[in-house]
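Open the coordinates in your viewer and colour the chains separately, so that the boundary between them can be followed step by step. The stops below go from the polar contacts to the elements and single residues behind them.

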Amino acid sequence: MPRSWATENKPHRFCPGCGHPLALKALGEAVDDLDIQGRVIFGCDIGCSLLAWDFFNLDSVQTHHGRTIPVMVGMKRARPGLICVAYMGDGGGYAIGAQHLVSAALRHEQITVLLANNSIYAMTGGQMAPTTLPGQKTETTPFGRDPEKTGRPTRGPEMARLLGGEGVYAARGTVANVRQLKNYVKKALRHQMEGRGFSFVEALSTCPTNWRTGAAETWEWVEKKMPAEFPLGEFGGDAPDGRASRPESVLREGGGEG
Amino acid sequence: MAITQQSPRPERVFWTGNEAVAWAAVAAGAEIMCGYPITPQNEIMHTWVRLAHQYGLDFLQTEDELSAGFATLGGVLAGKVAFTATAGPGTVLMQEPLSMAEMMRLPVVVVVCQRGGPSTGTVIYSQQEVMLACFGGNGEGLRVVYAPATHQELYDYTIKAFRVAWKYRFPTIVLSDGYQAKMREALTVYRVEDQVRGEAYVGRPGVPGVARPPAHLRNTYNLEEELYDLLANYTTAFQEIQPRVGEWQEEDWQGAELLVVAHGVVTRAARAAVRELRGEGYPVGYFRPVTLRPFPAEVLRRWASLGGTMLVVESAAGQLRRLVAEALAGYGFRLEGLLRPGVGITPEEIVAVARGLLAAN
C-alpha cells in the first residue's frame, strides 16, 4: 500500500474489479516517490471518484460536476506552494465540467488533473458517457452507441494538449499498466512543481459492475478494446491533430522506469 | 482617487456603487477576486483588478460564474479572504458554489448586482434576485444576505460581509442592484484597522497522517441520519446568529396604521413617501430589513400584533412580500403590495397607493 494512503479507511469502498483503486495507487505511489505528501491537496469529484474523499493521508476536498478543477485552480493561485490534484471521472471532466478542463488547459493553470475514463457513468447506474465506445450498450444507449446520433468518444488528453500547446503535459495511461500510469502521473506532478503549466493524465479504467462483464472480459475490454479508441502515450510534439506523436516509443520508455 | 489602505483619515469621494464595493473589499482585507463579466457587475472587477495590481492582490477572470464561484471557494479553502460578484443569470449559476459553501460552511462573499429577469431580462435593474440570494441552491438558505440602500452602506456592509462571513462561517451576500451599481454618489471611505484574516482549511503545516490528521472535507453523505444531524447543527447555528446578525431600520412604526416596507434602493423612495405622508398628518410608518437573511422579524411582529395595513414596495412581483408573509404568518393584518418587477419606484407612486389604502381604511 502506498505510504500516502490512509490505511484505516481500507478496504476501500469501490466495487470489486473497479479501476479507481489502481489509478489511486498510481497517484499514491507517485506522491510517495516524489516525497510530497505534505504539499499535495487532493480534490475529488462527484460520481464514483467521490468515494475517495478520505482515501489518502492527504488534505482532501470533494465537490462535484468537474468543479474540482476550479476549486483547485483557486487554491493553487491562493497558495502556489501547494501541489493541487483534481481527480474525476469522464462525465465530470468531459461533459458537465468540460468548460473547466478546456479553460484550465488554455490558461495553463498550474494544477494536475487525473481523470478516470471507464467509458460510462457508473455511480448513476450506467448511462452513456462522452467516452462511451461506438456500439457500446449503456442504459441510455441500450441498442449500442450510434456515433451518427451521439458523436464519437471524447479524447481528452489530445484535446488538452491541442488547446494548451507547450504549456500542457498530457498523457493517457491505463490501470492495466499501473507502472506506466504512475510514471505519467509523476511527470504530470513534476510539470506542476516546476511551474511549467497544466498537466493532465487520463487513466483508462474498468467498471465491471456497469459493463456487466466478468473478469476476463473486463480485462479484455480495458487492455485491448479501449486503447484501440484511446491511444496510450504522451501527447504533444508536432502532431497537428493532437494525437500521440510516437505513442509506442513512449510506452517503452514509461514501462522501463521505476 | 483615494487609496483607502493608505489613507488614515476619512475621505469624501464621489463613486459608483461598484467602485465602492471593490474599494471596500480591499479595505476589508480581501486578497482574491474571481469573476466573470456580466452587467451590471463589471466595474467591481474593473476596479478590483487595478487595485489588485497596486496592492499585490489577485484576480482571476474565469470561464463562467460556476468557475468564478468554485475558484473563490478554492481560495477560501486555502485560507485567503476571497470574493466574487455577479448578476442575473450569473446569480443562477452561482447557486452551485453557494450550495457548496453552505454545506462546508465556507466564508465566501458574493456581491450580487440585481438585473431584470427572468432569463436574460434586462441589464438595468431589479429586485428580483431576493429569493435566489436567500434561498437559491439545493439546500436551506444558510446564508447571510445584506441589502444596502446607499453607497455609504455598500461600502460599510461589504466590509461587514467579510467580517461576518469569517466570524460565523456562512456564505454572505451583498445584494446590490443595477441602479446602485452604476450611479455615482458621495460617500465617506475609511481605512479598516482590524482587517479580516483568513484561516486555512487545507495545507496547514505538517505532513497529514504523520504530524497531524488529514483534512478530509466533503459535500457528500451516505446516510439520511448523517446529513440530518449535520443540518440540524447548521440550522441551530444559523438561528443562533440571528439576534446578532439581523439588522433593520424603522421610522414611526409604533401607532402606524399603514406600515411601508421596502428593502435596498427602494427604501429611499419608501422613506421619502412616508415622511411626506407623515408631514400631512397620516399615521404612516416605515420598516426596512437590512438583512434579508436572517430576516429581522421582531419589530414587524410587534407591529403586526397590533393590526393594521402593510404595504410592501419592491421592484419584484412579491419576493420581499413572501419573506414578510412567512415571518408574520398567523398575525392578523392586511398585506398589500406595490410590486413593480424590474422597474424603479418613485416616492410619488408610493404616496398615491398609500393614500388609496389610507382612504379605504
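Begin with the polar contacts across the boundary: in this predicted model, 17 residue pairs are in polar contact between chain A and chain B, with both residues of each pair at pLDDT 80 or more. Next, select on chain A strand S2 (59-62), helix H2 (68-78) and helix H4 (98-106), the elements that each give two or more residues to the side touching chain B. Keep H2(A) highlighted, as this helix supplies the largest share of that side, namely 7 residues. If you then colour the side of chain A that touches chain B by residue class, you will find 12 nonpolar, 13 polar and 7 charged residues.

For the charged pairs, the count between the two chains is 3 salt bridges; one to display is that between the side chains of A:Arg67 and B:Glu96, with an N to O distance of 2.8 Å.

Now return to S2(A) and select with it strand S9 (residues 216-217) of chain B, since these two strands pair across the chains in the parallel sense over 2 bridges. Within this pairing, A:Val61 has B:Leu217 of S9(B) as its bridge partner.

Finally, show the whole boundary, where 32 residues of chain A are in contact with 36 residues of chain B. The area buried between the chains is about 2700 Å², and carbon and sulfur atoms give 57% of it. On chain A, pick out A:Trp53, A:Asp59 and A:Arg79, the residues that lose the most area to chain B and that together account for 21% of what that side buries.

Conventions. Residues numbered from 1 in each chain as written. Chains lettered and ligands numbered in written order. Predicted model: local features only at pLDDT ≥ 70, side-chain atom pairs only at ≥ 80, totals over all residues. Heavy atoms only, no water. Contact = heavy atoms within 4.5 Å. Buried area = accessible area lost by both parts, 1.4 Å probe. Salt bridge = Lys/Arg side-chain N within 4 Å of Asp/Glu carboxyl O. Polar contact = N/O pair within 3.5 Å; in protein donor to acceptor, adjacent residues only side chain to side chain. Helix = DSSP H or I, 4+ residues; strand = E, 2+ residues; numbered from the N terminus. Nonpolar A, V, L, I, M, F, W, Y, C, P; charged D, E, K, R; others polar. Pairing = 2+ DSSP bridges.
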